[in-house]
Every structure is written in C-alpha cells, then in structure tokens.
Amino acid sequence: MHDLTGFQRDLLYVIAGRDNPSGLALKDTLETYYEKEIHHGRLYPNLDTLVNKGLVEKGEADRRANYYRLTARGQREIEARREWEQQYLSAAITT
C-alpha cells in the first residue's frame with residue numbers, strides 16, 4: 001500500500017465500498033469526490049496497476065464493461081493501512 005499513489009488508494013477504497021463496480025461507476029464516484037473530470041487515460045492505467053499488484057481482480061461484466069473487486073490481499077492491505085492511520089489519528093485526537 002505504501003507504494004500506491006493517493007489516487008490509487010482512493011480507487012482501492014471505492015472498489016472496497018462497492019459491489020463489483022464497473023470502470024464507469026468508479027469514474028463517476030471519483031468525479032464526485034474530486035469535483036472534476038477523471039479521464040480514461042488516468043483511470044484505466046491506475047486500475048491496471050492495482051490489478052498487476054494483485055490488489056484488485058478484473059473480470060468481464062459484459063461485452064462492453066469490466067468489473068473490479070478487491071482480492072484478499074487488497075483487503076489485507078486496506079486493513080493494515082487503517083491500523084497504521086489509526087495509531088496516528090488516535091494520538092492527534094487525544095493531544
């Protein structure tokens with residue numbers, strides 16, 4: 001997880017929170033969050049990176065669209081990241 005960009009982490013989190021989203025569904029969600037257009041040239045190479053790292057699985061939803069879902073490794077990475085963040089967030093809240 002430490003070698004992912006912020007955008008790649010955001011993609012991972014959105015995939016984790018959705019039920020086998022398509023690339024277009026991910027694009028729409030991230031455009032709402034970022035309040036700007038996410039171009040295909042940014043979205044799909046980053047999704048491919050997550051697939052190549054074994055964090056996300058890509059499958060064919062139909063002839064025109066793919067779906068994405070977390071792998072077990074992707075889920076473990078998110079959990080480890082949450083634990084790491086929590087140790088610093090807890091300290092910041094109590095001080």
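Throughout these legends, buried means under 20% relative accessible area, exposed means over 50%, and partly exposed is whatever falls in between (1.4 Å probe, protein chains only). The model is a predicted one, where local features need pLDDT of at least 70 and side-chain atom pairs count only at pLDDT 80 or more, while totals for chains, interfaces and linings use all residues. Residues are numbered from 1 along each chain as its sequence is written, and side-chain values use heavy atoms, with hydrogens and water left out. Helices (H or I, at least four residues) and strands (E, at least two) are DSSP runs numbered from the N terminus.

**View 1. Helix 1 is mostly covered.**
Eight of the eleven residues of helix 1 are buried. They are Phe-7, Gln-8, Arg-9, Asp-10, Leu-11, Leu-12, Val-14 and Ile-15. Take Gln-8, which sits in helix 1 and counts as buried at 7% relative accessibility. Leaving aside residues up to four places away in sequence, Gln-8 touches Asp-3, Asn-46, Thr-49 and Leu-50, where contact means heavy atoms within 4.5 Å. For a sense of scale, the C-alpha atoms of Gln-8 and Lys-36 are separated by 16 Å, with the two residues 28 apart along the chain.

**View 2. Phe-7, Tyr-33 and Tyr-34 make one aromatic cluster.**
Searching the whole structure turns up three aromatic pairs. Rings of Phe, Tyr and Trp (its six-membered ring) pair if their centres lie within 6.5 Å; planes under 30 degrees apart are called stacked, over 60 edge-to-face, and the rest tilted. Phe-7 and Tyr-34 have ring centres 5.9 Å apart and planes at 35°, so this pair is tilted. Phe-7 belongs to helix 1 and Tyr-34 to helix 2, so the pair ties together parts that are 27 residues apart in sequence. Phe-7 is buried, at a relative accessible area of 6%, whereas Tyr-34 is partly exposed at 25% relative accessibility.

**View 3. Arg-42 lies over the face of Phe-7 and over the face of Tyr-34.**
A charge sits over a ring if NZ of Lys or CZ of Arg is within 6 Å of the ring centre and within 35 degrees of the ring normal. For Phe-7, Arg-42 is at 3.9 Å from the ring centre. For Tyr-34, Arg-42 is at 5.6 Å from the ring centre. These two rings are the tilted pair of the previous view, with their planes at 35°.

**View 4. Helix 2 has buried residues covered by helix 1, helix 3 and strand 2, among others.**
How far should the twelve residues of helix 2 span? At 1.5 Å a residue, they should cover 16 Å, and the end C-alpha atoms are indeed 16 Å apart. That expected span is 1.5 Å times one less than the number of residues in the helix. The buried residues in helix 2 are Gly-23, Ala-25, Leu-26, Lys-27, Leu-30 and Glu-31.

**View 5. Asn-20 and Glu-35 each have a positive phi without being a glycine.**
Most residues other than glycine have a negative phi. Asn-20 goes the other way at about 50°. Asn-20 is in the loop between helix 1 and helix 2, and counts as partly exposed at 33% relative accessibility. Glu-35 comes just after helix 2, with a positive phi of about 55°. The loop that holds Glu-35 runs between helix 2 and helix 3, and Glu-35 is exposed there at 72% relative accessibility.

**View 6. Helix 3 buries Leu-43, Asn-46, Leu-47 and Leu-50.**
These four cover an arc of only 105° around the axis, which puts them on the same side of helix 3; the arc is that of the directions from the helix axis to the C-beta atoms. Over on the other side of helix 3, Gly-41 and Asn-52 are exposed. What do the buried residues of helix 3 pack against? Their partners are helix 1 (6-16), helix 2 (23-34), strand 1 (56-60) and strand 2 (66-70). The length checks out too: 13 residues (40-52) should span 18 Å, and the end C-alpha atoms of helix 3 are 18 Å apart. After helix 3 comes Gly-54, with a positive phi near 80°.

**View 7. Strand 1 and strand 2 form a hairpin.**
Five residues separate the two strands of this hairpin. Strand 1 and strand 2 pair in the antiparallel sense, over five bridges; strands count as paired if DSSP finds at least two bridges between them. One bridge to look for joins Glu-60 to its partner Asn-66 in strand 2.
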